[in-house]
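Reader: I should like to go through this structure by question and answer. Please begin where you see fit.

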Amino acid sequence: MKYKFITVEGNIGAGKTSLAKKLGVHYNAKLILETFAENPFLPKFFEDAKRYAFSAELFFLADRYQQLHEQLKAFGLFSNQTISDYVFVKSLLYSKVNLSEDEFKLFQRIFHIMYPSLPEPDLLVYIHSSVERIIRNIRKRGRNFEQSVGKQYLLKIQNAYFEYFKQKPNLKILIINADTIDFVKNENHFHKIVDLIEKDYKAGINYINI
């Protein structure tokens, strides 16, 4: 395996945590999974985004930083394989979509104080799905506070990721179009993803249709 630190990313409901867990078992790797359920402001955000966006994003920022900082140090990043279901810059991408201009400027200042102390992933795997499929996934998993998520919001999040990818020419990014596969239930599909992950990629965006 060429990569010590792999990050799995994707839009809401794309299956990033499910894939990270399966990869963790496959490689017997250390797992870092986002603890979104501990954010007390998240359900409130979906009820009143304008009022609770800053609190929700600030909680996520602090929680993600503490988790990555402590876990990567404890795991020994360069001696163990580590897989995470989020990248730290996710906080900045979501906050740009969710916050007002003044709030985002403040959030951005705090983010850039923390960011330099965390390592970049050796490979970022982005699970890309159509908005229609993501909405079906969200409905299926049944988290009450997510049911109000609409197409326009999901498109904004997707565009935020793609804009970020364009700004990271030195990062190895593997974008997998997962609209026609089910890597959770179909082991052949999962192993196709494993085969893709084990290839050596050039820095920049590598887009794959399965």
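**Asparagine 39 and strand β4**

Author: In this predicted model, the side chain of asparagine 39 lies 2.9 Å from the backbone nitrogen of phenylalanine 41.

Reader: Is asparagine 39 buried or exposed?

Author: Asparagine 39 belongs to the loop between β2 (30-32) and α2 (42-47). Its relative accessibility is 2%. A residue under 20% is classed as buried, so asparagine 39 counts as buried.

Reader: Which residues does asparagine 39 touch, not counting residues up to four places away in sequence?

Author: Phenylalanine 41, reached through its backbone nitrogen, falls within the excluded stretch of up to four places. With such neighbours set aside, the residues in contact with asparagine 39 are Ala56, Phe59 and Phe60.

Reader: Why is strand β4 (residues 123-128) described as largely enclosed by the rest of the structure?

Author: Leu123, Val125 and Ile127 point one way from β4, and Leu124, Tyr126 and His128 point the other way. Residues on both sides are buried. Strand β4 is therefore largely enclosed, the count of buried residues being six of the six.

Reader: What is the bridge partner of isoleucine 6 in β4?

Author: Strand β1 (residues 5-10) pairs with β4 in the parallel sense, over five bridges. Within β4, isoleucine 6 has as its bridge partner leucine 123.

Reader: What is the bridge partner of leucine 124 in β5?

Author: Strand β4 also runs parallel to strand β5 (residues 172-177), and five bridges join them. Leucine 124 is one of the β4 residues that point the other way from Leu123. Its bridge partner in β5 is isoleucine 173.

Terms used
Residues numbered from 1 in each chain as written. Predicted model: local features only at pLDDT ≥ 70, side-chain atom pairs only at ≥ 80, totals over all residues. Heavy atoms only, no water. Buried < 20%, exposed > 50% of the residue type's maximum accessible area, 1.4 Å probe, protein only. Helix = DSSP H or I, 4+ residues; strand = E, 2+ residues; numbered from the N terminus. Pairing = 2+ DSSP bridges. Polar contact = N/O pair within 3.5 Å; in protein donor to acceptor, adjacent residues only side chain to side chain. Contact = heavy atoms within 4.5 Å.
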